[in-house]
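Okay, thanks for having me, everyone. Let me put the model up and then talk you through a few spots in it.

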Amino acid sequence: YPGGEAGRIAFGIGPLLTGLFLPRLTRSLLQSYPGLQIVTLTRTPDQLVAELLGDRIEMILGNNWNLGRVPGTELERLGRLTIAVMVRADHPLTKAGRLTLADLENYPLASAVELPPSSAFGNAGSIVCDNFHVLRETVRQTDCVWMSSPAFLRDDLRTGRMTQLEVADLPAAS
């Protein structure tokens with residue numbers, strides 16, 4: 001791979017990174033290695049492990065919250081992304097003042113992963129979709145709350161279409 005001699009590369013990529021980086025990564029690879037065939041599979045990193053171990057993909061680009069425990073794999077940190085609670089700009093929670101996780105329970109959840117039934121989130125409904133562009137449009141049109149990256153929503157935050165909520169008891173996630 002470092003010499004650009006691989007005619008094909010197959011990798012799995014998490015939903016957030018797909019929306020945030022895949023077009024730029026693909027452009028860079030195709031410009032640098034003419035003739036390269038790029039095959040991607042978008043899933044959560046834990047869902048991609050079987051594809052990696054089955055030799056159908058060469059690597060996984062995504063968060064590493066469970067990948068470090070998989071025998072025969074190696075982790076390499078490429079960077080960090082901050083994750084925060086996002087809502088549309090005129091969402092009722094933007095007027096609520098100091099928020100806690102309990103305040104979020106009354107609103108539908110938008111997520112790339114299905115949460116366990118024991119989770120307090122999603123009691124008001126939910127949408128699970130691995131396409132972050134679809135999730136963004138859903139959140140902009142509903143009362144959904146969404147754990148996403150400010151980097152992915154940079155334009156929406158700058159133009160005031162989306163708002164990042166400060167949730168006092170939210171565990172730090174990045």
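I'll go through the sheet, then some aromatic rings, and then a residue after the last strand of that sheet.

One caveat up front: this is a predicted model.

So, the sheet. It's an open one with five strands, in the order β6-β5-β7-β4-β8, and the pairing is mixed. At the edges you've got β6, residues 126–128, and β8, residues 162–165. Each of those has a single partner strand, so one side of each is left without a neighbour in the sheet. If you look at the twist, neighbouring strands are turned by 30° against each other on average, ignoring direction.

Now look at β5, residues 109–111. This strand runs parallel to β7, and two bridges join them. Within that pairing, A110 sits opposite W146 of β7. Keep W146 in mind, we'll be back there in a second.

What lies across these strands? That's helix α4, which lies across β4, β5, β6, β7 and β8, and runs at about 145° to β7.

Okay, rings. The structure holds three aromatic pairs, and I'll talk about two that share F132. Take F132 with W146: the ring centres are 5.4 Å apart and the planes are at 55°, so we call this pair tilted, since edge-to-face would need over 60 degrees. This pair links distant parts of the chain, with F132 in helix α4, residues 132–141, and W146 in strand β7, residues 145–148, 14 residues apart.

Are those two buried or exposed? F132 is buried, with a relative accessible area of 7%, and W146 is buried too, at 1%.

Then there's F132 with F152. Here the centres are 5.7 Å apart and the planes are at 90°, so this pair is edge-to-face. Again it's a link between distant parts of the chain: F132 in α4 and F152 in the loop between β7 and α5, 20 residues apart. Both F132 and F152 are buried. Put the pairs together and F132, W146 and F152 are linked into a cluster.

Last stop: A168, in the segment after β8. This alanine has 41% relative accessibility, so A168 counts as partly exposed, because buried would mean under 20% and exposed over 50%. Which residues does A168 contact, leaving aside neighbours within four places in sequence? Those are R98 and L99. And the C-alpha atoms of A168 and T100 are separated by 5.4 Å, although the two residues are 68 apart along the chain.

That's my tour, happy to take questions.

Key: Residues are numbered from 1 along each chain as its sequence is written. This is a predicted model: local features need pLDDT of at least 70, side-chain atom pairs count only at pLDDT 80 or more; totals for chains, interfaces and linings use all residues. Side-chain values use heavy atoms; hydrogens and water are left out. Rings of Phe, Tyr and Trp (its six-membered ring) pair if their centres lie within 6.5 Å; planes under 30 degrees apart count as stacked, over 60 as edge-to-face and the rest as tilted. Helices (H or I, at least four residues) and strands (E, at least two) are DSSP runs, numbered from the N terminus. Buried means under 20% relative accessible area, exposed over 50%, partly exposed in between (1.4 Å probe, protein chains only). Two strands pair if DSSP finds at least two bridges between them. Axes are lines fitted to C-alpha atoms, for helices over the stretch in contact, and angles run from 0 to 180 degrees between N-to-C directions. Contact means heavy atoms within 4.5 Å.
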